[in-house]
Amino acid sequence: MLVRSFLFVPGNNEKVIAKAEQLPADVIIYDLEDAVAPDQKADARERVCNALSATAKSVIVRVNSMETPYFLEDIHAIANLKADTLTAIMLPKTNRNTDVVALDLLLNSLGVPANVGILPLLETALGVQNAFEIGSSSDRVKRLAFGSVDFGLDIGATLTAEGTELLYARSRIVLASRAAELEKPIDTVFVDFRDTEGLEKEALMVKGLGFGGKLAIHPMQVDCINAIFQPTQAEKDQAAEIMAYVEEHGAAVFQLNGKMVDEPIIKRARQICELAEMLDSKQQGEN
Ligand code: COA
Ligand code: MG
């Protein structure tokens with residue numbers, strides 16, 4: 001599955017849920033947690049269940065955290081539906097591997113198929129510290145996600161446009177994901193949603209760190225995120241050139257346009273070609 005953009009949609013807002021259906025986000029996240037006020041939790045849960053049955057999208061549900069009185073009801077309601085549109089449950093404020101193990105057991109006991117994932121949202125000091133253990137805790141975990149707003153609050157940092165204060169946490173999550181043999185992680189939301197230039201800068205920076213996609217909160221952000229978390233034309237051209245050379249000469253090391261090419265670069269070129277093919281067939285499917 002191609003996953004670059006993950007658009008949050010407040011679970012209590014039917015109009016926005018319907019709107020999301022038309023947007024080019026790779027994944028929609030129906031939110032039952034922070035975008036929903038306590039007195040709307042039950043209403044949102046019902047709306048999200050209805051939407052899950054009706055959507056044509058790949059959907060993740062962000063349930064309320066395990067410490068809240070809403071968590072069990074959220075899980076039971078979603079599990080009962082058995083909707084095949086549900087790709088994963090996002091677990092906010094995941095702190096320890098045992099949080100994931102407990103949710104995994106609960107999902108198993110409720111008959112939720114093994115292909116429904118768990119997406120841990122790391123947004124506390126403890127969660128980021130335990131990123132590797134959390135990433136290795138269950139086969140349901142395919143990737144990790146980072147939440148900077150709660151994380152910044154938890155560690156007492158001041159969030160800046162440069163993001164220096166988040167660099168260690170982001171890199172720790174990238175390393176943990178790789179060490180646990182997960183997909184690339186998903187970066188946090190960019191809250192100033194009208195600042196497209198700022199979003200672009202941040203997305204490019206985190207792509208460079210090793211993130212594979214980004215959470216979004218507004219339709220304006222989706223195209224920008226999709227464009228950045230896919231190979232550029234220059235990257236695709238270079239990868240195709242490398243693969244053509246390898247096919248023709250079968251060489252393990254050679255030079256192309258004055259730069260050395262060897263095994264890891266060939267491997268990367270192959271990945272880019274595969275990704276580009278996947279994107280092309282996705283776009284053809286949409287047209
Ligand atoms: N998904 C789908 N559609 C959305 C959307 C979203 N996340 N956010 C806004 N829209 C729609 C609006 O409904 C509006 O549609 P319309 O033109 O048909 O009326 C259009 O996009 C433009 O929205 P705009 O007026 O610019 O913003 P807003 O004031 O309606 O909403 C937010 C701003 C931030 C409240 C809204 O984007 C939102 O709720 N985002 C998600 C928040 C969330 O889930 N947070 C939790 C995770 S951090
Ligand atoms: Mg949060």
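**View 1. Phe254 and its ring partner Tyr245.** In this predicted model, Phe254 is a buried residue, with a relative accessible area of 7%. Its partner Tyr245 is partly exposed, and here the relative accessible area is 25%. How are the two rings placed? The ring centres of Tyr245 and Phe254 lie 4.0 Å apart, and their planes meet at 20°, so this pair is stacked. The angle falls under the 30 degrees that stacking requires.

**View 2. Phe146 and Phe151, an edge-to-face pair.** Two aromatic pairs are counted in the model. For Phe146 and Phe151, the ring centres are 5.5 Å apart and the planes stand at 65°, so the arrangement is edge-to-face. Are these two side chains buried or exposed? Phe146 has 0% relative accessibility and therefore counts as buried. Phe151 is buried as well, at 6%. When you look at either of these views, keep in mind that a pair of aromatic rings is described by two things, the distance of the centres and the angle of the planes.

**View 3. The residues around ligand 1.** Take a moment to look around the ligand here: 16 residues surround ligand 1, and the closest are Phe8, Lys15, Lys19, Ile217 and His218. What kinds of residue make up this shell? Ten are nonpolar, one is polar and five are charged. Two elements each give two or more residues to the shell around ligand 1, namely strand S1 (5-10) and helix H1 (14-20). S1 gives the most, with four residues.

**View 4. Polar contacts of ligand 1.** Zooming in on individual atoms, you will find a polar side-chain atom of Lys19 at 3.2 Å from an oxygen atom of ligand 1. Arg194 also places a polar side-chain atom by an oxygen atom of the ligand, at 3.4 Å. With Ile217 the backbone takes part: one of its N or O atoms lies 2.8 Å from a nitrogen atom of ligand 1. How much of ligand 1 does the protein bury? Taken alone, ligand 1 exposes 900 Å², and the protein buries 62% of that area.

**View 5. Ile17 in helix H1.** This close-up returns to helix H1, where Ile17 is found. Is Ile17 buried or exposed? Ile17 has a relative accessible area of 9%, so it counts as buried. Follow the chain to Thr55 and you will have moved 38 residues in sequence from Ile17, yet the C-alpha atoms of the two residues are 9.3 Å apart in space.

**View 6. Thr158 in a loop between two helices.** Where does Thr158 sit? The residue lies in the loop that runs between helix H7 (148-155) and helix H8 (167-179). Thr158 is exposed, because its relative accessible area is 62% and the threshold for that class is over 50%. As a companion point in this view, Glu235 is 77 residues from Thr158 in sequence, and their C-alpha atoms are 35 Å apart.

**View 7. Two cysteines, Cys224 and Cys273.** How many disulfides does the model hold? The count comes to zero, where a disulfide would need two cysteine sulfur atoms within 2.5 Å. Cys224 counts as buried, with 11% relative accessibility. Cys273, at 23% relative accessibility, counts as partly exposed.

Notes. Residues are numbered from 1 along each chain as its sequence is written. Chains are lettered from A and ligands numbered from 1 in the order in which they are written. This is a predicted model: local features need pLDDT of at least 70, side-chain atom pairs count only at pLDDT 80 or more; totals for chains, interfaces and linings use all residues. Side-chain values use heavy atoms; hydrogens and water are left out. Buried means under 20% relative accessible area, exposed over 50%, partly exposed in between (1.4 Å probe, protein chains only). Rings of Phe, Tyr and Trp (its six-membered ring) pair if their centres lie within 6.5 Å; planes under 30 degrees apart count as stacked, over 60 as edge-to-face and the rest as tilted. A residue is near a molecule or strand if one of its heavy atoms lies within 4 Å of it. A polar contact is a pair of N or O atoms within 3.5 Å; within protein, one must be able to donate a hydrogen and the other to accept it, and residues adjacent in sequence count only if both atoms are side-chain atoms. Accessible areas come from the Shrake-Rupley method with a 1.4 Å probe; for residues, only the protein chains shown count as cover. Ala, Val, Leu, Ile, Met, Phe, Trp, Tyr, Cys and Pro count as nonpolar, Asp, Glu, Lys and Arg as charged, and the others, Gly among them, as polar.
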